[in-house]
Structures are given as structure tokens and as C-alpha cells.
Amino acid sequence: MTDPWHTQGIAVVGAGVMGVGIAALALAHGVPVTLVDIDPARLALAPAAVRDQARIGALLRKLPAAGITAELRTSTSVTAVAGAAAVVEAVTELPDTKAKVLAEVSTVVSAGTLLATNTSAIPVGELAAATARPAELAGTHFMNPPYLIDAVEVVRGPDTGDAAMAALASLFAVLGRRAILVGDGPGFVSNHVLMRMINDAARLVTEGRAAAERVDEVFTACLGHRTGPLATADLIGLDNVVDTLAVLYDRTGEEAYRADAELLARVRAGNLGRKSGAGFYDYGSVS
Ligand SMILES: NC(=O)c1ccc[n+]([C@@H]2O[C@H](COP(=O)([O-])OP(=O)(O)OC[C@H]3O[C@@H](n4cnc5c(N)ncnc54)[C@H](O)[C@@H]3O)[C@@H](O)[C@H]2O)c1
């Protein structure tokens, strides 16, 4: 195939939960990926994690049956993104970290390269201001896991240009993703609503009104949700939830986003949810 995605490939910066998932999605669609992280230990785990996700995705008929059909390269240097047809930023949800990474990326890639931020809550316009060419940045809020959930909350910032939106549509066509376009602002749509719900649910557990299992059961058994807010928080990662709440609180001043004390205590204790083996629930092993 001669489109830029299959020939030049894409780069993903951040090899955590989401970066690995986005890389697996691209690789399974034949798109080469350069995966960048400052932590070499994360990069060392990535190839096996990507293969696992591609295998599970194929078994569930959510990804092509052939598995990984493109090359995965890894690097600890942002300069490795040069030459990619698009760069997806998926580093930790800390505004300064993201702004610094996007600023660096935008000086490394050539003009016209699509930049996408996978931020959970930081307004795209705010991050675009850190880049060399704000018109090239769009928000792509992939859900976890990216290979399973084919709808993506897409955010067009105040500066995002038509060319970037067209490039994103072309990339999504290759990856089999569906964009749900929403406006810019703290938490966009999903996390503006979800984060206050998770925080409130955590507070009810802290206050002893109900155990985590019962809180979630009300949502699953009574309201028909697929998962309850606390199981969802464990899947997201409680550290990421706390960082996202901080972004929302700093930008809105709304008390609903001030992180619950026990939620903060769980993160301080290293109980980050599924990825650490325990959060609101015990998982027995690290996933
Ligand atoms: N976890 C979810 O369910 C979820 C869903 C949607 C969006 N997000 C968003 O995706 C982004 C990543 O989240 P995650 O859950 O994968 O986090 P994570 O903690 O699993 O991974 C973050 C990665 O970023 C790396 N990193 C930090 N600073 C870096 C830098 N300067 N250069 C390169 N790499 C750097 C870290 O080493 C780590 O590997 C966040 O913005 C988060 O809010 C997360």
C-alpha cells in the first residue's frame, strides 16, 4: 500500500497503557510504529505486550486475523519521530510534561505532519500553544483498550486546521476507527462527566455508604452499565484518574473534581488498579 501511513508509519510517544494499545492497533493494521518513551524498562516490555493485544484483538475479531504485519521500532529519544506521517502523544497526564513533549515533537517533524494528543482532559488549544504549528494538533482521546473500542472522542481545538482533520480522517479509515467529534474544553465530554462520577463514587466508599462492589453493582445491575465507575477507574489507572482530576480542578475550580482523600491514599500506596494488581479491587497479578 502506498499511503503515507503504511509507507512512513506513525510514531507514538509514551509506551504506557495507552501508547502500547495504540501501537498494537496500528501495527495490526500494517502501519509501522516508532514507539518512544523516556523509560527503557517500559520500552522493553512493549513488543510482547503489543503481540498479546494483537492476538487477543484478532481472537475477538476486533483486529485483522493476520496479527502484527508491520515493524515496531523503539527509542528513548524524541528525535526518532522524525519521518513519521503522524505522531500520537500518549505520555503521562501532566500538563507541563505533555506541553514539553509536544513542543519537542513539533520541532522534529516536518511541517504538515499530523500531531495528535491522547490527553484525557487538557484542552487541545492549551497544548497547541506549546507547539511550533498549532494548526497541526488535534485531540484523539482513544479509550482503553484502543484495539477493542473502535469509537474515539476526537477534539478539534480552536487552532486545529482542516488539513490536520483530513489527515486524521484518513488515518482513522486505515485503523478502522470512528471519530466522535466534540468541542474543546477541560475533560471534553467523556471525562468532564466520568471523572466527577468516579470521584463521587470513591467518596461514597470512603464515607462508608457502600463497598466498592455494591457501588458498581448499582450501575451494572440496576442501570445497565457495562462496568461500574470504580472498576472503570481501576482499568484507567488510579494515578491517571488523580492526574486527570487535578487538570479538571485546576481549570474549573469545581469541588466535584477535588480528588477524594482515599483515592489519593491508594495512589500513594502504589495501588493503581489493574496495572499494579490492586486498586478498588484485587486482581491477583499485574496486567
Ligand atoms: N489509561 C486510560 O484508560 C486512558 C484512556 C484515555 C486516555 N488516557 C491518557 O493517555 C495518556 C497516557 O496514559 P496511560 O494510561 O498510558 O499512562 P501510563 O502511566 O501507563 O504511561 C505514560 C507513559 O508516558 C511515559 N512518559 C512520561 N514522560 C515522558 C516523556 N517526557 N517522554 C516520553 N515518555 C514519557 C512514561 O514513562 C509512561 O510509560 C494520558 O494523557 C492519559 O490521561 C488514558
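What follows is a short conversation about a predicted model and its two domains.

Modeller: In this predicted model, local features need pLDDT of at least 70 and side-chain atom pairs count only at pLDDT 80 or more, while totals for chains, interfaces and linings use all residues. Residues are numbered from 1 along each chain as its sequence is written, and side-chain values use heavy atoms, with hydrogens and water left out.

Colleague: What radius of gyration does the protein chain have?

Modeller: The radius is taken over C-alpha atoms, and the globule rule is 2.2 Å times the number of residues to the power 0.38. For 287 residues, a compact globule would come out near 19 Å. The protein chain agrees with that, at 19 Å.

Colleague: How far apart do the C-alpha centres of domain 1 and domain 2 lie?

Modeller: The bounds come from an automatic or database domain assignment, which gives domain 1 as 4-182 and domain 2 as 190-276. The distance between their C-alpha centres is 26 Å.

Colleague: What area is buried between domain 1 and domain 2?

Modeller: Buried area is the accessible area (1.4 Å probe) that two parts lose on being put together, summed over both. Carbon and sulfur atoms give 53% of it here. The total is about 940 Å².

Colleague: Which side chains meet in a salt bridge?

Modeller: A salt bridge is a side-chain nitrogen of Lys or Arg within 4 Å of a carboxyl oxygen of Asp or Glu. Between domain 1 and domain 2 the count is 1. At 2.6 Å, N to O, the partners are Glu-126 and Arg-251.
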